[in-house]
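Reader: Please present the model, and then let us discuss it by question and answer.

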Amino acid sequence: MAQVLPAERDLRRIIGDGEGLRDGEVEGLTDHDLIELYRSLVLLRTYDERSVVYHSQGRIGTYAIFWGHEAMQAGSVYALAREDWIFPSYRESAIGLLRGMPVSTVLSWWRGHPAGWWNPLEHNVASICVPIATHVPHAAGLAWGKRLRGEPACAIAYFGDGATSEGSFHEGANFAAVMRAPLVLFCNNNQWAISTPLSAQTRAETLADKAVGYGMPGVRVDGGDILAVYEATRDAVARARAGEGPTFIEAVTYRAAPHATADDPSAYIDLARVEEERQRECLGRYEGYLRRAGLLTDEMAASVRAEATQRMREGIAAAEAEPAADVALLFEHAFVDPPASFAADLAELRRILAQ
Ligand SMILES: Cc1ncc(C[n+]2csc(CCOP(=O)(O)OP(=O)(O)O)c2C)c(N)n1
Ligand SMILES: [Mg+2]
């Protein structure tokens with residue numbers, strides 16, 4: 001039966017600190033892989049920073065910032081195969097970019113425009129889930145379906161520390177374990193659920209301990225270490241493909257940005273602690289690792305960043321070029337046989353909007 005061994009309570013880590021703590025290596029990763037991981041990290045960081053600017057310019061709506069969470073997203077996605085399914089929460093809104101989704105699609109989602117809806121089959125990326133943890137049973141069901149069909153694909157569901165207190169998390173995790181569904185439960189433990197700290201969320205010593213109750217392995221990893229995240233996810237995916245069922249990964253970090261653009265954390269957070277975390281952010285740590293390994297120069301870093309910025313510029317321009325959606329959309333797709341009143345309601349709405 002699964003147990004969280006005391007040794008597993010320590011955070012898995014690969015990246016050193018450039019001083020006393022030595023850099024490790026991940027077996028099987030080539031220099032090319034290390035640079036691809038870097039590109040993903042920069043793309044997500046650039047997406048996030050630009051989105052905060054676009055929000056302040058009134059070009060996108062309320063936005064859930066993921067600054068400092070990029071290593072968890074880029075590292076874990078790199079461990080997946082193209083046929084594996086990704087179930088994101090709002091915190092991973094741009095994760096589809098790592099599967100080739102256009103920037104304009106994700107920005108359109110944050111603009112509340114239908115161009116932001118995508119067909120999940122196109123990239124094997126499910127819709128962005130906002131109701132906390134409700135996608136965990138969906139991911140478990142899809143993974144179980146893959147197993148029943150004898151297909152090798154697995155699924156990964158992303159959620160936060162707060163989500164582990166939700167009924168849907170429990171249902172999904174238990175179901176996946178009982179059915180030995182090929183699922184990776186990826187918890188971004190940023191230690192806050194808006195203003196609720198982890199200490200008020202659970203009495204468990206670690207979130208990974210919860211895995212024991214479901215009979216699955218629980219692993220704790222440094223969420224700011226892209227290589228450790230990659231390795232932990234690769235192990236979990238290998239278990240899933242081998243028919244051994246789900247794994248719970250607790251990636252530990254600290255939320256160093258507001259929950260969203262509508263939040264003011266100064267009302268509840270220790271800003272000195274936030275500043276400390278910002279100094280340890282994941283992109284800088286990985287750049288340090290690559291530089292120490294002789295794989296990254298200033299010119300390369302600047303060109304990867306410029307390429308990502310250019311993609312964002314083109315993405316926002318394309319999103320803003322979308323014609324406004326027709327209001328008929330409000331009435332469509334709700335009923336197979338729409339009530340007769342809909343036609344009159346739509347006519348009324350058009351009349352008001354035309355005024
Ligand atoms: C079912 C449900 N309840 C409440 C909310 C409101 N809400 C939005 S984000 C959030 C906090 C979630 O925290 P966590 O799971 O730690 O994820 P994080 O935002 O830190 O990534 C809450 C309670 C919601 N979206 N869905
Ligand atoms: Mg959280």
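Reader: By class, how many residues in the shell around ligand 1 are nonpolar, polar and charged?

Author: The model is a predicted one. Around ligand 1 there are 16 residues, with Tyr90, Arg91, Asp161, Gly162 and Trp192 coming nearest. Sorted by class, the shell comprises three charged, five polar and eight nonpolar residues.

Reader: Which residue has a polar backbone atom 2.9 Å from an oxygen atom of ligand 1?

Author: Two contacts to oxygen atoms of ligand 1 use side chains instead: a polar side-chain atom lies 3.4 Å away in Asn188 and 2.9 Å away in Asn190. The backbone contact, at 2.9 Å, comes from Trp192.

Reader: What share of the area that ligand 1 exposes when taken alone does the protein bury?

Author: Ligand 1 sits in the second largest pocket. Taken alone, ligand 1 exposes 580 Å², and the share of this area buried by the protein is 72%.

Reader: Which residue just after helix 1 takes a positive phi?

Author: Helix 1 covers residues 31-56, and its 26 residues reach 38 Å from first C-alpha to last, close to the 38 Å expected. Just after this helix, a positive phi of about 75° is taken by Gly58.

Methods: Residues are numbered from 1 along each chain as its sequence is written. Chains are lettered from A and ligands numbered from 1 in the order in which they are written. This is a predicted model: local features need pLDDT of at least 70, side-chain atom pairs count only at pLDDT 80 or more; totals for chains, interfaces and linings use all residues. Side-chain values use heavy atoms; hydrogens and water are left out. Helices (H or I, at least four residues) and strands (E, at least two) are DSSP runs, numbered from the N terminus. The expected span of a helix is 1.5 Å times one less than its number of residues. A residue is near a molecule or strand if one of its heavy atoms lies within 4 Å of it. A polar contact is a pair of N or O atoms within 3.5 Å; within protein, one must be able to donate a hydrogen and the other to accept it, and residues adjacent in sequence count only if both atoms are side-chain atoms. Accessible areas come from the Shrake-Rupley method with a 1.4 Å probe; for residues, only the protein chains shown count as cover. On a 1 Å grid over the protein atoms alone, a cavity is a set of points where a 1.4 Å probe fits but cannot get out, and a pocket is an open set with protein on both sides within 12 Å along at least five of seven lines; lining residues have an atom within 4 Å of a point. A molecule sits in a cavity or pocket if more than half of its atoms lie within 2 Å of its grid points. Ala, Val, Leu, Ile, Met, Phe, Trp, Tyr, Cys and Pro count as nonpolar, Asp, Glu, Lys and Arg as charged, and the others, Gly among them, as polar.
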